[in-house]
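The exercises below are to be worked with the sequence and the model open. Each task is followed by a solution in steps.

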Amino acid sequence: MSIQFLDTTLKNTTVLASGILGNNKDILERVYNNGCALVTMKSIGPEPRDGHNNPTVIDLGHGIINAVGLPTPGYTNMEKEWKDLETRDFPLSASIYGGSVEEYARVAEFVSKQKPDMIEVNISCPNSEKHGMTFGVHAKSAHEVVSAVKKVTNVPLIAKLTPQALNIAEIAKACEDAGADAICAINTVGPGMVIDIESGMPVLDFKKGGLSGPMIKPVAIRCVYDIYKAVKIPIIGLGGISTGEDAIEMIMAGATLTGIGSAVKTRGINVFGLVTKEMTRWLDRHNSTIDSIRGAAH
Amino acid sequence: MLKVAGKQEENPEFATLFFNSSLIFKPGQFIMLWIPEVDEKPYTLSSVSDKKFGITIEAKGIFSKKAISLKKDDLVGIRGPFGNGFTLPKPGDSIAIVAGGCGLAPLAPLLDRINHDRVSITCIHGARSKDYLLFKDRFKFERYFCTDDGSLGHKGFVTDLLKEKIADGNTFNKVYTCGPEIMMHKVFEICEKHNIHCQVSLERYMRCGFGLCGACVCGKEVVCKDGPVFGSEKLRDMEDFNKTALLKSGKEVALDDYFAWRHP
Ligand SMILES: Cc1cc2nc3c(=O)[nH]c(=O)nc-3n(C[C@H](O)[C@H](O)[C@H](O)COP(=O)(O)OP(=O)(O)OC[C@H]3O[C@@H](n4cnc5c(N)ncnc54)[C@H](O)[C@@H]3O)c2cc1C
Ligand SMILES: Cc1cc2nc3c(=O)[nH]c(=O)nc-3n(C[C@H](O)[C@H](O)[C@H](O)COP(=O)(O)O)c2cc1C
């Protein structure tokens with residue numbers, strides 16, 4: 001099941017979502033060896049940042065709520081990691097964020113010199129006061145960020161979008177017009193809140209957090225469906241995928257690749273291999289191919 | 001949320017908090033303790049019975065000081081148990097337990113679970129001084145103590161005692177250790193030299209506790225999920241063991257800098 005995606009040949013359609021495990025080369029490689037075709041690093045920001053205090057990640061049974069808060073060593077403090085990654089033999093996507101258009105460009109320029117196979121521009125994180133999502137809810141700011149990044153790098157660009165945009169298709173189109181080579185949708189849904197009724201306290205220290213996992217799949221499917229109608233560039237469909245059947249559904253909505261995050265909790269690191277096997281089995285049983293079902297819901 | 005059901009002050013800086021709830025767990029597993037409006041941190045289970053469990057906390061920084069000053073009926077959040085736990089000894093095994101300071105906490109339920117008639121146990125426990133030794137009355141069997149100031153037992157390191165026991169002709173086939181990482185690394189080296197299987201329990205900054213966020217990765221191992229207990233076969237390949245750890249930001253630093261980190 002080999003797939004061509006932004007000049008890179010991938011062994012299947014599975015992608016490790018940003019912010020899941022991806023903190024060093026060894027663990028990224030382990031995820032790749034467990035069947036994942038494309039691994040994404042934890043989002044990298046302009047300055048060192050600790051993120052929020054715990055509790056930051058809570059399992060709700062039907063999904064996860066998190067407010068990790070974009071911790072990052074800062075792009076200039078990762079010499080060892082970049083050096084380790086030079087000798088990798090797996091496809092790598094580097095996720096970046098900033099607090100201003102200028103910061104996005106600065107981080108992107110530096111990161112592109114480290115030669116990732118692609119750069120994912122995170123304009124969609126709900127867990128920080130001034131980073132991320134604010135840029136992804138308006139077509140104008142999304143366009144500004146992607147254009148600025150495009151100017152400083154030749155590495156293929158993926159724009160990662162938030163479902164909080166009133167019209168996500170319009171944002172995707174703005175990113176495509178600004179030079180994005182692909183869209184990744186979606187980041188977490190919300191922010192939401194969960195209150196512990198014994199103490200009367202929100203369970204997250206940051207109080208609000210983004211939702212992920214099975215409970216958000218219908219939102220992700222709808223977003224990818226809308227985006228597929230609006231753009232020609234390929235889409236990484238992400239949100240609530242835990243089985244091969246979920247991934248097939250995402251491809252029918254219009255996705256080329258299928259991202260996986262929270263399901264690493266429920267099914268383990270080998271979820272990537274499992275999902276691929278289940279997809280192949282489904283396709284065989286239906287005498288179908290990935291290419292023939294892509295966008296089938298339209 | 002659970003109410004603190006009781007508190008045992010072990011010494012001026014260590015206390016065990018008890019909760020009335022049953023947990024199915026393996027020795028070496030941990031829970032995440034949430035004190036609302038303060039923080040949430042991992043603690044190993046130090047005692048478990050049918051309807052009750054306990055965690056033993058050493059006062060270090062802001063959070064642990066708050067934790068040991070909790071009172072009966074205070075409400076806290078508990079998530080877990082998480083992690084893999086120790087691999088228990090088999091009948092006929094001869095084991096050594098090497099604990100430094102609060103490191104006896106995860107090893108204590110292991111000692112509770114072992115059938116002492118079938119497994120030969122040598123327990124070595126070290127601390128700053130005799131007041132800081134843990135669970136002095138909890139165990140009936142003989143223990144070997146050492147203290148930094150010589151106030152009880154051997155004056156010096158637990159590793160001195162381990163070497164001495166091996167030199168005396170004890171043929172251990174398993175060693176379980178928990179304490180400062182530099183101590184565990186020395187224990188591991190001694191075990192390698194004598195061909196003894198070793199299990200250590202590692203500490204890294206944690207967030208989710210269930211192997212998703214990656215805050216605690218040590219090389220390719222996810223400490224909260226694949227660990228916190230690692231055996232010799234994994235330790236041999238673990239370049240970061242006794243060398244580096246990730247700060248809260250994800251920045252990799254030398255272990256000394258990691259343990260020197262204090263809540264701002
Ligand atoms: C699996 C596991 C089991 C544990 N079991 C026990 C136990 O049974 N008993 C016990 O007393 N302690 C245990 N700990 C340690 C405990 O979780 C706390 O780290 C300890 O109580 C100190 O917390 P503090 O906030 O009071 O101190 P601080 O002064 O805030 O931190 C003390 C040290 O903890 C580490 N640390 C804490 N927070 C951070 C952070 N945000 N970023 C980077 N490093 C940080 C650093 O090494 C720091 O020097 C365990 C840790 C782990 C990972
Ligand atoms: C603990 C956690 C941390 C995350 N961190 C990031 C991040 O740093 N950057 C980012 O773009 N998305 C981040 N996300 C969002 C995921 O990449 C993904 O978009 C979302 O979880 C939906 O996918 P899922 O349902 O498969 O988990 C994070 C999600 C979780 C659960």
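**Exercise 1. Which residues come nearest to ligand 2, and how is the shell around it made up?**

Step 1. In this predicted model, the surroundings of ligand 2 comprise 21 residues, and those that come nearest are A:Ser18, A:Ser43, A:Lys160, A:Gly240 and A:Ser262.

Step 2. Sort the shell by residue class. It divides into 6 nonpolar, 13 polar and 2 charged residues. Glycine is counted as polar here, so A:Gly240 belongs to the polar class.

**Exercise 2. Find polar contacts of ligand 2 with A:Ser262, A:Ile186 and A:Asn187, and state which part of each residue takes part.**

Step 1. The cut-off for a pair of N or O atoms is 3.5 Å.

Step 2. At A:Ser262 the partner is a polar side-chain atom, 2.6 Å from an oxygen atom of the ligand.

Step 3. A:Ile186 takes part through its backbone: a polar atom there is 2.9 Å from an oxygen atom of ligand 2.

Step 4. For A:Asn187, an N or O atom of the side chain lies 3.4 Å from a ligand oxygen. This distance is within the 3.5 Å cut-off.

Step 5. Turn to the surface of the ligand. Alone, ligand 2 exposes 610 Å², and 98% of that is buried by the protein. The space that ligand 2 takes is the second largest pocket.

**Exercise 3. Where are the peptide bonds before A:Ile186 and A:Pro55 located, and are they cis or trans?**

Step 1. Begin with the expectation: most peptide bonds are trans.

Step 2. The bond joining A:Ala185 and A:Ile186 is cis, with omega about 20°. A:Ile186 is placed in the loop between β10 (182–185) and β11 (189–193) of chain A. The backbone of this residue also supplies the 2.9 Å contact to ligand 2.

Step 3. From A:Asn54 to A:Pro55 the bond is likewise cis, and omega is near -5°. A:Pro55 belongs to the loop that runs between β4 (38–40) and β5 (57–59).

**Exercise 4. Is phi of A:Leu21 positive or negative, and where does the residue lie?**

Step 1. Most residues other than glycine have a negative phi.

Step 2. A:Leu21 has a positive phi, near 60°. Its position is in the loop between β3 (14–16) and α1 (25–33).

**Exercise 5. Why does the radius of gyration of chain A agree with a compact globule?**

Step 1. List the elements: chain A has 11 helices and 16 strands.

Step 2. Take the extent of the C-alpha trace, about 50 × 50 × 40 Å along the principal axes.

Step 3. A compact globule of 298 residues would have a radius of gyration near 19 Å; chain A has 18 Å, so the two agree.

Terms used. Residues are numbered from 1 along each chain as its sequence is written. Chains are lettered from A and ligands numbered from 1 in the order in which they are written. This is a predicted model: local features need pLDDT of at least 70, side-chain atom pairs count only at pLDDT 80 or more; totals for chains, interfaces and linings use all residues. Side-chain values use heavy atoms; hydrogens and water are left out. A residue is near a molecule or strand if one of its heavy atoms lies within 4 Å of it. A polar contact is a pair of N or O atoms within 3.5 Å; within protein, one must be able to donate a hydrogen and the other to accept it, and residues adjacent in sequence count only if both atoms are side-chain atoms. Accessible areas come from the Shrake-Rupley method with a 1.4 Å probe; for residues, only the protein chains shown count as cover. On a 1 Å grid over the protein atoms alone, a cavity is a set of points where a 1.4 Å probe fits but cannot get out, and a pocket is an open set with protein on both sides within 12 Å along at least five of seven lines; lining residues have an atom within 4 Å of a point. A molecule sits in a cavity or pocket if more than half of its atoms lie within 2 Å of its grid points. Helices (H or I, at least four residues) and strands (E, at least two) are DSSP runs, numbered from the N terminus. The radius of gyration is taken over C-alpha atoms; the globule rule is 2.2 Å times the number of residues to the power 0.38.
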